[in-house]
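Thanks for coming, everyone. Let me walk you through a structure that is new to most of you. Please have a look at the sequence and the model first.

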Amino acid sequence: MAADLERLYDEHAQALFAFLLNFTRDEADTRDVLQDVFVKLARQPERLAAVRDERGFLLRLAHNAAIDLMRRRGARDRKHEQFGTEQLPAFARTDDPDEAAFRAELSAALGELPADQRAVVHLKLWEGLTFEQIAAALEIPLNTAASRYRYGLDKLRDRLRPLYDEIK
Amino acid sequence: MNDDFEKRLQRQPVRPVPSAWREEILGAARQAAPRVHTRREASSDWLVTIRQVLSFLFRPQRAGWTGLAAVWVVIIALHLAARDDSAPAPAMQAANITSPGTLRALRQQRLLLTELVGRPEDHPPTRQHSAPPGPRSQRRETAVAV
């Protein structure tokens, strides 16, 4: 099982980390949730036995664990939406100043989105999932996933348009 | 613009997961897993140990245990046989005692003893039974009088 956990980590931790960081907007929460996911897998390895899409299953597990964490922290739960406004570096650093400015703005714009829209936008843009896969991972209807993406992307476009036009 | 914009967003590389997290998270997961695992292993180890001890005791020395069992069977058989032989003995003794010759001899011995010692009624018991103690006040008076 230990080898299996290591394989799971090596194959999926990066994707889970990026998703959780974008969703929670908090690095400590991201680490807690990521650890929670792997501890659950270690305790109940049979949960993966009948899973076809490991990535989708792990994203669902991470999403549920993140929501559970926020619910457990009643007071922080209310501040969760404020996490999104923090200047969290969700993207890799770059030496290109234009790219660095765009990434910083993109991080901030993502932070301004509601968490449910942010989750869909992240899974669509940076995980390349289909709406069906997103709907399955987040346990929401297909149309809801599509509409959340559309609303989220429109907000990002409006927010980033000046900068995007400038550096295009 | 929408396609270009989406592609532009997709090209933005997300932050890499901190490398130090790997060992921390996997370490925590391993610690969580063995709790259940070691309990199972411990119980199975315990059972395996008992099985090994029993197999060590019985299997390699099967001939020895068989011989020992045979010896016990012989001992029990002998014991039962001896009990069967000795059972009539008390009856025979009783028969001997009640035989006329023995009774006659016993009567003669009793007569001889009576001649030598006298009848038991002729010799009253020398031992005097002390009277039960009276009241404490009377006992004191007796003691003073003596």
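**Two helices that cross**

Start with α3 and α7 of chain A: their axes come within 8 Å and cross at roughly 45°. An angle like that is neither under 35 degrees nor in the 65 to 115 range, so α3(A) and α7(A) are oblique to each other. Who makes the contact? From α3(A), the residues are A:Gly56, A:Leu59, A:Arg60 and A:His63. From α7(A), they are A:Gln133, A:Ala136, A:Ala137 and A:Leu138. By class, that contact has four nonpolar, three polar and one charged residues.

One caution before I go on. This is a predicted model.

Stay with α3(A). The helix covers residues 54–72, which is 19 residues. At 1.5 Å a residue, it should span 27 Å, and the end C-alpha atoms are 26 Å apart, so the two agree. Which residues of α3(A) are buried? They are A:Leu58, A:Leu59, A:Leu61, A:Ala62, A:His63, A:Ala65, A:Ala66, A:Leu69 and A:Met70. Note that A:Leu59 and A:His63 are on this list, and both also take part in the contact with α7(A).

**The two chains**

Now step back. Chain A has eight helices and zero strands. Along the sequence, its pattern reads α-α-α-α-α-α-α-α. Of its 168 residues, 39% are buried. Take the contacts in chain A between residues at least 6 apart in sequence: 65% of them join residues at least 24 apart.

Chain B has six helices and, again, zero strands. Of the 146 residues in chain B, 5% count as buried.

**The core**

Next, the inside. In soluble globular proteins, nonpolar side chains tend to be buried together. Here, the largest nonpolar core has 53 residues. Which of them touch the most other members? They are A:Leu16, A:Leu20, A:Leu34, A:Val37, A:Phe38 and A:Ala62. Several helices of chain A supply at least two residues each, including α1, α2 and α3, and α2 of chain B does so too. The top contributor is α1(A), with ten residues.

Look at A:Leu16. Leaving out residues up to four places away in sequence, A:Leu16 touches A:Leu34, A:Val37, A:Leu58, A:Leu59 and A:Ala62.

**Where the chains meet**

How many residues does each chain bring to the contact? Chain A brings 28 and chain B brings 21. On the chain A side, the elements giving two or more residues are α1 (2–24), α2 (27–43), α5 (97–112) and α8 (142–167). The largest share there is nine residues, from α1(A). So what is that side made of? The chain A residues divide into 21 nonpolar, two polar and five charged.

**Two loop residues**

Last stop: two unusual entries on my list. A:Arg25 sits in the loop between α1 and α2 of chain A. Its phi is near 60°, a positive value in a residue other than glycine. Is A:Arg25 buried or exposed? The cut-off for buried is 20 or more other C-beta atoms within 10 Å. A:Arg25 has 24, so it is buried.

A:Glu139 lies in the loop between α7 and α8 of chain A. Phi is positive here too, near 55°. With 9 C-beta neighbours inside 10 Å, A:Glu139 counts as exposed.

That's my tour. Over to you.

How values were computed
Residues are numbered from 1 along each chain as its sequence is written. Chains are lettered from A and ligands numbered from 1 in the order in which they are written. This is a predicted model: local features need pLDDT of at least 70, side-chain atom pairs count only at pLDDT 80 or more; totals for chains, interfaces and linings use all residues. Two residues are in contact if their C-beta atoms, placed from the backbone, lie within 7 Å. Helices (H or I, at least four residues) and strands (E, at least two) are DSSP runs, numbered from the N terminus. Ala, Val, Leu, Ile, Met, Phe, Trp, Tyr, Cys and Pro count as nonpolar, Asp, Glu, Lys and Arg as charged, and the others, Gly among them, as polar. The expected span of a helix is 1.5 Å times one less than its number of residues. A residue is buried if 20 or more other C-beta atoms lie within 10 Å of its own, exposed if 12 or fewer, and partly exposed in between; C-beta atoms are placed from the backbone. A nonpolar core is a set of buried Ala, Val, Leu, Ile, Met, Phe, Trp, Tyr and Cys residues joined through C-beta atoms within 7 Å. Axes are lines fitted to C-alpha atoms, for helices over the stretch in contact, and angles run from 0 to 180 degrees between N-to-C directions. Angles under 35 degrees count as roughly parallel, over 145 as roughly antiparallel, 65 to 115 as roughly perpendicular and the rest as oblique.
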